[in-house]
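These entries record what I looked up in the structure, in the order in which I looked it up. Each entry takes one topic.

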Amino acid sequence: MLKRNKIEFNRLISEMLENDHYMALKEFSHHDEEDIVSHNIQVARLSYRIAKLTGADVVSATRGAMLHDFFHYDWKEYKQGILDFRHTRNHPIISYENAVEHFEVNEIEADIILKHMFPLTLVPPKYVESYIVTFSDKVVATKNFLTVFRLKKLIPKLIG
């Protein structure tokens, strides 16, 4: 990431990283190898890069990515099968409620948070930024899954 982009990215995520309620997400593991904050930062970094490349709203994509998983529980406790529909259905709503309680959230960011699990959520995203974060979230989750099985080298190094 270029130095000026890194500075801009860090500025965009700093509000979340300075919020105690948000930073409590570090207490919860996510995708086996990381905590929720680390996951959100990886999704935000990739979303930032894609938004820059495509001319999308960089601010909304980055902030929405940082807030997309803003829930304070271990999602694996809900796990009942391969696809856990309770967590899939509930965590975007919980994340949205936490986001609006602690931050100003615009319409694009709200759409990102509420629909980042598409196509598992029935209503598709409304904005290109939502699709960017949805894609980025799946890339990061796939990277983490492959890392657990020591297959990380199978996908390009998209996340620095």
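**Entry 1. Confidence.** I began with where confidence is lowest and highest, since the model is predicted. The lowest confidence falls in strand β1 (residues 29-30), with a mean of 62, and the highest in helix α4, at 98. For the protein I noted a mean pLDDT of 83, with 74% of its residues at 70 or more. Where pLDDT is low, the predicted coordinates should not be read in detail. I therefore do not interpret the coordinates of β1 in detail, given its mean of 62.

**Entry 2. Helix α3.** I next compared the span of α3 with expectation. For its 19 residues, 1.5 Å a residue gives 27 Å, and the end C-alpha atoms are 27 Å apart, so the two agree. I then asked how many residues of α3 are buried. The count is 14 of the 19, so α3 is largely enclosed by the rest of the structure.

I also inspected both ends. The N-terminal end of α3 is capped by Asp 35, which has a side-chain oxygen 3.0 Å from the backbone nitrogen of Val 37. After α3 comes Gly 55, with a positive phi near 80 degrees.

**Entry 3. Nonpolar core.** I looked up the largest nonpolar core and found 33 residues in it. Tyr 22, Met 66, Leu 67 and Phe 70 have the most contacts inside this core. At least two of its residues come from each of α1, α3, α4, α6 (107-115) and α7 (128-148). Which helix gives the most to this core? It is α3, with nine residues. As general background, I noted that in soluble globular proteins nonpolar side chains tend to be buried together.

**Entry 4. Aromatic pairs.** I found five aromatic pairs in the structure. I examined two of them. For Phe 9 and Tyr 48, the ring centres are 5.6 Å apart and the planes stand at 70 degrees, so this pair is edge-to-face; the cut-off for that class is over 60 degrees. Phe 9 belongs to helix α1 (residues 3-17) and Tyr 48 to helix α3 (residues 36-54), so the pair links parts of the chain 39 residues apart. I recorded Phe 9 and Tyr 48 as both buried.

The pair of Tyr 22 and Phe 70 is also edge-to-face, at 5.1 Å centre to centre and 65 degrees between the planes. Tyr 22 sits in helix α2 (residues 20-23), whereas Phe 70 sits in the loop between α4 (58-67) and α5 (85-102), 48 residues apart. Tyr 22 and Phe 70 are both buried. With Phe 103 they form one aromatic cluster.

I then listed the contacts of Tyr 22, leaving aside neighbours within four places in sequence. They are Met 16, Leu 17, Val 37, Asn 40, Met 66, Leu 67, Phe 70 and Phe 103.

**Entry 5. Glu 109.** I turned to the acidic side chains, beginning with Glu 109 in helix α6. Is Glu 109 buried or exposed? Its relative accessible area is 2%, so Glu 109 is buried. The side chain of Glu 109 has a polar contact of 2.9 Å with the side chain of Arg 63. Apart from neighbours within four places in sequence, Glu 109 is in contact with Val 59, Ser 60, Arg 63, Gly 64 and Glu 104.

**Entry 6. Glu 107.** Glu 107 is also placed in helix α6. Not counting residues up to four places away in sequence, Glu 107 touches Lys 126 and Tyr 127. I looked up both side-chain polar contacts: 3.3 Å to Lys 126 and 2.3 Å to Tyr 127. Glu 107 and Tyr 127 are 20 residues apart in sequence, with 9.5 Å between their C-alpha atoms.

**Entry 7. Glu 129.** My final entry concerns Glu 129 in helix α7. Its relative accessibility is 8%, so Glu 129 counts as buried. Which polar atom of the backbone lies 2.8 Å from its side chain? It is the nitrogen of Asp 57, at that distance from a polar atom of the Glu 129 side chain.

Beyond neighbours within four places in sequence, Glu 129 is in contact with Ala 56, Asp 57, Ala 61, Ile 108 and Ile 112. For Glu 129 and Ala 61, 68 residues apart along the chain, I noted a C-alpha separation of 5.2 Å.

Note on methods. Residues numbered from 1 in each chain as written. Heavy atoms only, no water. Phe/Tyr/Trp six-rings, centres within 6.5 Å; stacked < 30°, edge-to-face > 60°. Helix = DSSP H or I, 4+ residues; strand = E, 2+ residues; numbered from the N terminus. Buried < 20%, exposed > 50% of the residue type's maximum accessible area, 1.4 Å probe, protein only. Core = buried A, V, L, I, M, F, W, Y, C linked by side-chain atoms within 4.5 Å. Contact = heavy atoms within 4.5 Å. Polar contact = N/O pair within 3.5 Å; in protein donor to acceptor, adjacent residues only side chain to side chain. Expected span 1.5 Å × (residues − 1). pLDDT = per-residue confidence, 0-100.
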